[in-house]
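Work through the following exercises with the sequence and the coordinates at hand. Each task is followed by a solution that goes step by step.

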Amino acid sequence: MRTIGVITVARSDYGIYLPLLRKIQEDPDLQLHLIVSGMHLSPEFGLTVERIEADGFEVSERVEMLLSSDSPEGIAKSMGLGIIGFAQSYARLRPDILVVLGDRFEMHSAALAALPFKIPIAHIHGGEITQGAIDDALRHSMTKLSHLHFVSTQEYAERVIQLGEEPWRVNMVGALSLDNLSEVKLQSAHELEVKYGFRLDQPPLLVTFHPVTLEYEQTEWQINELLTAIEDADLPVVFTKPNADTDSRIVIRMLEEYVQMHDSAWLVDNLGMQDYFSMMAIAKAMVGNSSSGIIEAASFELPVVNIGNRQKGRFYPSNVIHTDYERIAVGQAIRRAISLEFRANLAGLKNPYGDGNSANQIVAVLKNIEIRPELIMKSFYDG
């Protein structure tokens with residue numbers, strides 16, 4: 001039986017992984033080793049490891065790595081602790097293939113720790129660009145650390161090859177998160193109201209704003225501009241907390257203060273994939289700088305206001321309106337997004353990130369790829 005180690009470090013990657021985790025779990029020829037780390041183990045970010053276990057997954061290893069600090073020094077030290085913790089896990093588990101996703105610093109620690117063990121790494125969502133975040137460098141570094149690549153568009157496949165990866169290693173499978181759309185049962189507005197205490201008699205704005213890690217000195221100003229624009233929009237709003245990035249606590253503190261002063265604003269630690277998609281289906285528009293606005297929102301024909309540079313460089317569909325950080329620009333973008341004309345133009349929008357059949361393609365490769373020396377000993381492809 002082939003063992004597949006899967007690293008999950010945050011609610012964002014776990015929601016994307018879900019269809020793949022279930023496919024691996026169901027396959028009689030594969031054994032899942034789920035290694036949980038990062039924000040999942042932090043009460044401050046919702047202790048979402050409990051949700052993972054409630055979903056029926058056995059946690060093979062827990063890797064504690066996050067310091068109670070969101071300074072550059074704290075993030076760097078957390079990365080070092082992660083390398084130590086993942087190395088100890090690999091020494092115990094020795095998975096045949098290790099699956100990593102995206103571009104988080106916690107995920108990079110997991111990939112780097114696997115290098116001396118000669119564990120083949122399969123990387124999901126490589127080749128993308130997010131110029132405003134340190135994630136951009138981490139993602140491309142993970143491409144070079146990895147041996148198999150599962151990318152979401154042809155453009156990203158070509159970029160991975162441009163980075164010197166041999167074409168036979170690159171698989172264009174679409175965005176894995178879209179597999180969830182055919183499986184998840186969306187919650188009604190009433191069910192969400194009962195569960196979270198929202199008042200959804202009118203569609204709210206769904207807002208997720210993460211610190212822009214290459215501009216972290218501007219975090220307080222950026223979130224203040226956003227909150228001013230939202231206040232001017234005079235709509236109910238549901239905020240979700242940011243990731244554990246540099247100065248994330250500034251964002252959390254300012255969101256908490258805003259919610260305390262506004263009866264029609266709510267802040268949740270973590271909606272989870274099902275409720276997050278349910279909010280997408282209900283929301284009037286999505287606002288912030290989350291990749292979910294670029295990738296998943298199109299499937300709901302949901303208008304998105306993407307703020308600033310965090311997602312700069314990603315391919316985006318026509319439901320996305322880009323704006324800078326100033327309150328006037330954000331307010332104008334929100335008014336455009338919630339207009340009847342803009343929403344009407346999204347009818348029949350096709351998501352360019354795939355058709356929701358990624359997990360089957362990924363499992364087929366993980367199951368059938370021959371683990372031979374050529375898989376580990378990479379050659380640089382010059383084209």
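**Exercise 1.** Determine in which sense strands E1 and E4 pair, and which residue of E4 stands opposite Val6.

*Solution.* In this predicted model, E1 and strand E4, which covers residues 97–101, pair in the parallel sense over three bridges. Within this pairing, Val6 stands opposite Val99 of E4.

**Exercise 2.** Find how many bridges join E1 to strand E2, and what unit the two strands make with helix H1.

*Solution.* Begin with the bridges: seven of them join E1 to E2 (residues 30–37), and the two strands run parallel. Ile4 has Leu32 of E2 opposite. Then follow the chain through helix H1, residues 11–26: E1, H1 and E2 make a β-α-β unit that is right-handed.

**Exercise 3.** Explain why E1 is described as largely enclosed by the rest of the structure.

*Solution.* Sort the side chains by direction first: Arg2, Ile4, Val6 and Thr8 point one way from E1, whereas Thr3, Gly5 and Ile7 point the other way. Such alternation between the two faces of the sheet is what a regular strand shows. Next apply the cut-off for buried residues, under 20% relative accessible area. Seven of the seven residues of E1 (residues 2–8) are buried, and the strand is therefore largely enclosed by the rest of the structure.

**Exercise 4.** Asp234 and Glu301 have a positive phi although neither is a glycine; establish where each lies and whether it is exposed or partly exposed.

*Solution.* Asp234, with a phi of about 55°, lies in the loop between helix H8 and strand E9, and its relative accessible area of 66% makes it exposed. Glu301, with a phi of about 55°, lies in the loop between helix H11 and strand E12, and is partly exposed at 28%.

Methods
Residues are numbered from 1 along each chain as its sequence is written. This is a predicted model: local features need pLDDT of at least 70, side-chain atom pairs count only at pLDDT 80 or more; totals for chains, interfaces and linings use all residues. Side-chain values use heavy atoms; hydrogens and water are left out. Buried means under 20% relative accessible area, exposed over 50%, partly exposed in between (1.4 Å probe, protein chains only). Helices (H or I, at least four residues) and strands (E, at least two) are DSSP runs, numbered from the N terminus. Two strands pair if DSSP finds at least two bridges between them. A crossover is right-handed if, with the strands pointing away from the viewer, the path from the first strand over the helix to the second runs clockwise.
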